[in-house]
Amino acid sequence: MPRRVPGLKAGMAGTIRRARPEDHARITQIRNGVTENVLRDPSRVTVADYKWFEKNPGVWVWEENGRILGFSAADTRDGSIWALFIDPAHQGRGIGRALFAKACAVLRDAGHSSGSLTTELFRKGLRNVHRDSKRVCVGSVRHHGHDEPVFRKRHERRDHPAERI
């Protein structure tokens, strides 16, 4: 059952829930529609990859009025956040923060003391989010021909209301 997420921007009436198989088309639409961190080769993310996340730790969606506006997925095998994407028309409203918190909670519940997330070096929409959520850049990885920073956040305590989901 979806639950309301406390502590987010005023007027936000969304819920975070586990994705269902029928959500895959909308999730793919969001992933392929972003203007930052663009997937240069969509064939690198297979249906089998997605299905593993859907069946195991879960793909989590933000839904408002029956429409999915963003999603996240945490990889419990290595402690990383595999996906965190918001429909560009709905960025800047706190949806990404809430989905990031949910991904961190999944990793914490799986026994990870921290989680990591890679992103484009100058992804303007995430610069302040990284700082505000206490993520620390711990290095970089070579990805699709360019360096991307790796951010890590320790899961020492529940420090964001959305993490209490």
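Biologist: What area does the protein expose, and what percentage of it do carbon and sulfur atoms supply?
Modeller: This is a predicted model, in which local features need pLDDT of at least 70 and side-chain atom pairs count only at pLDDT 80 or more, whereas totals for chains, interfaces and linings use all residues. Residues are numbered from 1 along each chain as its sequence is written, and side-chain values use heavy atoms, with hydrogens and water left out. By the Shrake-Rupley method with a 1.4 Å probe, where for residues only the protein chains shown count as cover, the protein exposes about 8800 Å², and the carbon and sulfur share is 50%.

Biologist: What is the mean pLDDT of the protein?
Modeller: pLDDT is the predictor's confidence in each residue, from 0 to 100. It is below 50 over residues 1-7 and under 50 over residues 135-144. Of the residues of the protein, 64% reach 70 or more, and the mean is 75.

Biologist: In what order do the elements run from the N terminus?
Modeller: Helices (H or I, at least four residues) and strands (E, at least two) are DSSP runs, numbered from the N terminus. The protein has four helices and eight strands. Their order is β-β-α-α-β-β-β-α-β-α-β-β.

Biologist: Which element gives the largest share of the largest nonpolar core?
Modeller: A nonpolar core is a set of buried Ala, Val, Leu, Ile, Met, Phe, Trp, Tyr and Cys residues joined through side-chain atoms within 4.5 Å; buried means under 20% relative accessible area, exposed over 50%, and partly exposed in between (1.4 Å probe, protein chains only). The largest such core has 17 residues, and Ile16, Trp62, Ile81, Leu84, Ile95 and Leu99 have the most contacts inside it. Two or more residues each come from strand 3 (59-64), strand 4 (67-75), strand 5 (80-86) and helix 3 (95-109). The largest share, eight residues, comes from helix 3.

Biologist: How far apart are the end C-alpha atoms of helix 3?
Modeller: The expected span of a helix is 1.5 Å times one less than its number of residues. Helix 3 has 15 residues, of which 13 are buried. Its expected span is therefore 21 Å, and the distance between its end C-alpha atoms agrees, at 21 Å.

Biologist: Is the ring pair of Phe53 and Trp82 stacked or edge-to-face?
Modeller: Rings of Phe, Tyr and Trp (its six-membered ring) pair if their centres lie within 6.5 Å; planes under 30 degrees apart count as stacked, over 60 as edge-to-face and the rest as tilted. Phe53 lies in helix 2 (residues 47-55) and Trp82 in strand 5, so the pair ties together parts that are 29 residues apart in sequence. Phe53 is buried at 2% relative accessible area, whereas Trp82 is partly exposed at 32%. The ring centres are 4.1 Å apart and the planes at 10 degrees, so the pair is stacked.

Biologist: Which residues does His24 touch beyond four places in sequence?
Modeller: His24 lies in helix 1 (residues 24-33) and is buried, with a relative accessible area of 17%. Contact means heavy atoms within 4.5 Å. Leaving aside residues up to four places away, the residues touched by His24 are Val47, Tyr50 and Lys51.

Biologist: What is the phi of Asn65?
Modeller: Asn65 is in the loop between strand 3 and strand 4, and its 83% relative accessibility makes it exposed. Most residues other than glycine have a negative phi. For Asn65, phi is positive, near 50 degrees.
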